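Dear colleague,

Please find below the structure that I am handing over to you. My notes on what was found in it follow directly after.

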Amino acid sequence: MLETIHHRICPLCEACCGLEIKVQGGKVTSIKGHAQDVFSAGYLCPKGVALKDLHEDPDRLRTPLIKRNGTFVEATWEEAFAEIERRLPPLLAAHGRNASAVVVGNPSAHKIGLLSYFGKLARALGTKNIFSSSTLDQMPKQLASGLMFGHWLSVALPDIARTELLLVIGANPLASNGSMWTVPDFKGKAKAMQARGGKLIVIDPRRTETAALADAHHFIRPGADVYLLAAMVQTLFAEKLVRLGSVAAWVNGVEEVGLAVAAFTPEAVAARCGIDAGTIRQLARELANTQRACVYARIGSCTQEYGTLASWLVDVLNVLSGHLDSPGGAMFAKSAAFASNTAGKPGMGKGVSTGRHFARVSGAPEVFGELPITCMAEEIETAGPGQVRVLFTVATNPVLSSPNGPRLAAALDTLDFMVSMDIYLNETTRHADVILPGLSPLEDFHYDLAFPQLSWRNHARYSPPVLARTDGAPEEWQTLLKLAAIVRGEGAQADANALDDAQFAEDAQRLAGAQAAAVIRATSGLKGPQRLLEVALRTGPYGDMFGMKPEGLTLAKVMASNSVGGIDLGELQARIPEMLRTPSGKVELAPPALLADLARPATDLARAAPDLVIIGRRDVRTNNSWMHNLPTLAKGPFRCTALVHPDDAQRLKLQDGAMAHIASGPRSIQARVQISTEMMPGVVSLPHGWGHDLPGARLQLAAQRPGANLNALLDDQLRDPLSGNAVLGGVAITMQAVAQEA
Ligand SMILES: Nc1nc2c(c(=O)[nH]1)N[C@H]1C(S)=C(S)[C@@H](COP(=O)(O)OP(=O)(O)OC[C@H]3O[C@@H](n4cnc5c(=O)[nH]c(N)nc54)[C@H](O)[C@@H]3O)O[C@H]1N2
Ligand SMILES: Nc1nc2c(c(=O)[nH]1)N[C@H]1C(S)=C(S)[C@@H](COP(=O)(O)OP(=O)(O)OC[C@H]3O[C@@H](n4cnc5c(=O)[nH]c(N)nc54)[C@H](O)[C@@H]3O)O[C@H]1N2
Ligand code: SF4
Ligand SMILES: [Mo]
């Protein structure tokens, strides 16, 4: 039988590696990195190879499921939509729009169909109860970047190809393959930097795989990043090292920042950080005195009570040391499609704001259109007008991924109706009334909407489907349009493609005005996300402007480049002031809300640090909560262990390999202990996304080694008040050995 070769971007993590996939007789025979890929040059990790397992996983859902008398039964798509039409509209009519909620999860960032059409369902519902995994993750960085640069996705990232000093804080790209920074083969790039004389410094409470590669590693007390960063900024001012470099004419608020951090001297914060004052000063000096340098911080710095402040101070350091928007420093990518910082008038914009509405129970402000995901359980539990009774989950597993999962699980059982778009019957979707599966990534086409805005190099790559899809299965954007039509009362019979045509015509009218008819004509023959992509590419910064710039990009050109690994759009370029979208047209170094929030860490500095705290970690063979069912990833040593420093183990009488009871407030779990000198004393590390022993889930392999759910231990009431982000690290715990059974 003929073997065919296909090229597909891996949708499993932010590295977006180009893969080469061989297929014979409808079956995948091999998955490798695509050596010619202009962006990832052949790199891949074990998860990329596991796309075959995912496609073939007998537990992966191929048809909708409807819960009848407490048991899921397979259903056709017509039956599933009919069931939703039967049950949903009466509830919406009786209880109003805010009685519904939508929660959307991580894989949607990697699915063009989900990302570009999710908003249509949310708009049809008209609810303010929109939740996502962003508030378990990067919302602090998005808020800080939005306030400084004017748009939520204008995030500065290291120009690793040219830097000489990279300071990595609270990130472990050797395991995670990078985040809010699309950088396949971080290790190769870091080593190349070291080979040209550059230096990697890591700040982390654990001596991680990335720290092991680094030239220097400093332990930090979890949650203390705000203090370290503020003291580094203070040092730049105190030692007259402030230099704005190429962006000098475009920065507001330098003096205000200097005054705001004056009390955060290295001596004042050293004990809280666990880093001595001399080292803090030295880090600041090195950053200022290295021509090409950059600070990069990720999830460890975001998922803490001062997440927004820490995220902001990272870029304050990049600006004040002269490294923002400069080669080898912190730069902005220029995406070929869908980027708000390439649209509209260059150099100025509306900026960002928060608090257009508030959560009903906690009063938490809306941020980027969302409420904190940790408010979801109480919004379902608390009676009164606007109590959530109907829930849509889209590619998310918050029972495992969100703090206080057991509370949420109990709340889900009280809903009047729940629909899940998901590919598994798992810890969250077991609570649904109807589950609507998505396609296997190998059956779906792909173009990354978000990650080219965060990429180490500019590029445009498109992947066609590798395998034919199951008969009758809709693409996920079609499912979202059908759900939106049912919500609007247009019925389950509505044809998704006709709905899409109508929506597109409406959007074209709104956005292109007089040229709407021409745009509709020029894109005829396309539908769904592909049509949106065609418009975005052609009107984007490299686009052909519908023929006005014949050399420019079109969807056809990007598609045609698939076999040669996509289109390279070059190294990062300076983009200030053009990319700014703040009302002032300047980088806002001192947003008032952030200056005001410094009062919290200033006061808390006097608070006694807990003896023992817990943090998270990632392993290259995992992906949050949902890839423990794939044989190639599940094999090998058990990964859900609690890493404990030998001194702590001795003090707490914990044995390597034995089970320990871990408690935090009224919540507790049991996890297997692994004694490790990688840990900072007083800090325990346990990965999240485990706990596959809940009844009713259908994950046969994962259930064999279920692990412990870190989020059953964490408190859903702990948040960064500015961004609404959950606190997932630095949480006080107690730990004791579980008595051995005879
Ligand atoms: N304690 C602690 N908790 C954490 C973290 C931490 O560091 N510590 N990290 C947080 C972070 S950064 C994130 S992003 C969240 C992630 O949390 P979630 O957003 O809940 O994402 P996942 O855990 O990846 O679960 C993904 C879900 O999508 C489904 N899925 C996979 N592919 C598809 C598809 O193509 N279509 C559809 N419809 N469904 C699909 C899977 O079956 C699964 O149910 O977890 C957070 N939770
Ligand atoms: N293999 C794999 N890759 C993944 C994922 C996965 O689950 N598995 N998840 C993906 C997702 S959704 C995301 S968001 C990214 C995240 O990508 P990364 O941010 O690189 O995530 P981690 O590997 O968890 O690294 C976070 C580091 O922060 C440290 N840390 C914890 N608390 C603190 C603190 O208070 N201060 C400091 N300075 N450090 C701290 C931890 O020890 C850990 O080493 O990874 C993505 N990639
Ligand atoms: S690093 Fe691994 S999971 Fe991430 S995109 Fe590349 S192959 Fe996929
Ligand atoms: Mo994430």
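Two strands are said to pair if DSSP finds at least two bridges between them. By that criterion, strand β17 (residues 390-394) pairs with strand β18 (residues 417-421), since five bridges join the two, and they run parallel. Please note that this is a predicted model.

**The seven-stranded sheet**

Strands β17 and β18 belong to an open sheet of seven strands, in the order β5-β4-β19-β18-β17-β6-β7, with mixed pairing. Its edges are β5 (71-74) and β7 (130-132), each of which pairs on one side only. From one strand to the next, the twist averages 20°. As an example of the register between β17 and β18, Phe392 has Val419 in β18 as its bridge partner. In general, the strands of a sheet pair through backbone hydrogen bonds, in either a parallel or an antiparallel manner.

**The three-stranded sheet**

A further open sheet is formed by three strands in the order β1-β2-β3, and here the pairing is antiparallel. The edge strands are β1 (3-9) and β3 (27-33), each pairing on one side only. The twist in this sheet averages 25° from one strand to the next. Strand β2 (residues 18-24) is joined to β3 by six bridges in the antiparallel sense. Within this pairing, the bridge partner of Glu20 is Lys32 in β3.

**Ligand 1**

There are 27 residues around ligand 1, of which Ser401, Asp422, Asn426, Glu476 and Ser625 come nearest. By class, this shell consists of 11 nonpolar, 11 polar and five charged residues. Domain 1 (65-136 + 367-441) and domain 3 (610-737) each contribute at least three residues to the shell.

Several polar atoms of the protein lie beside nitrogen atoms of this ligand. An N or O atom in the side chain of Glu476 is 2.7 Å from a nitrogen atom of ligand 1. For Asn711, a polar side-chain atom lies 3.0 Å from a nitrogen atom of ligand 1. Met421 is involved through its backbone, with an N or O atom 3.1 Å from a nitrogen atom of the ligand. Ligand 1 taken alone exposes 920 Å², and the protein buries 98% of that area.

**Ligand 2**

Ligand 2 is surrounded by 31 residues, and those that come nearest are Ser176, Asp204, Asp225, Asp619 and Asn624. The shell divides into 10 nonpolar, 13 polar and eight charged residues. Helices α6 (173-176) and α13 (299-302) each supply at least two residues of this shell.

Where does ligand 2 lie with respect to domain 2 and domain 3? Ligand 2 lies between them, because domain 2 (139-337 + 575-602) and domain 3 (610-737) both give residues to its shell.

The following contacts to ligand 2 are made by backbone atoms. A backbone N or O atom of Gly223 lies 2.8 Å from an oxygen atom of the ligand. For Ala175, a backbone N or O atom is 3.1 Å from a nitrogen atom of ligand 2. The corresponding distance from a backbone N or O atom of Ile203 to a nitrogen atom of ligand 2 is 3.3 Å. Ligand 2 taken alone exposes 910 Å², of which the protein buries 96%.

With kind regards

How values were computed. Residues numbered from 1 in each chain as written. Chains lettered and ligands numbered in written order. Predicted model: local features only at pLDDT ≥ 70, side-chain atom pairs only at ≥ 80, totals over all residues. Heavy atoms only, no water. Near = heavy atom within 4 Å. Polar contact = N/O pair within 3.5 Å; in protein donor to acceptor, adjacent residues only side chain to side chain. Areas by Shrake-Rupley, 256 points an atom, 1.4 Å probe, with all protein chains shown as cover. Helix = DSSP H or I, 4+ residues; strand = E, 2+ residues; numbered from the N terminus. Nonpolar A, V, L, I, M, F, W, Y, C, P; charged D, E, K, R; others polar. Domains from an automatic or database assignment. Axes fitted to C-alpha atoms, helices over the stretch in contact; angles between N-to-C directions.
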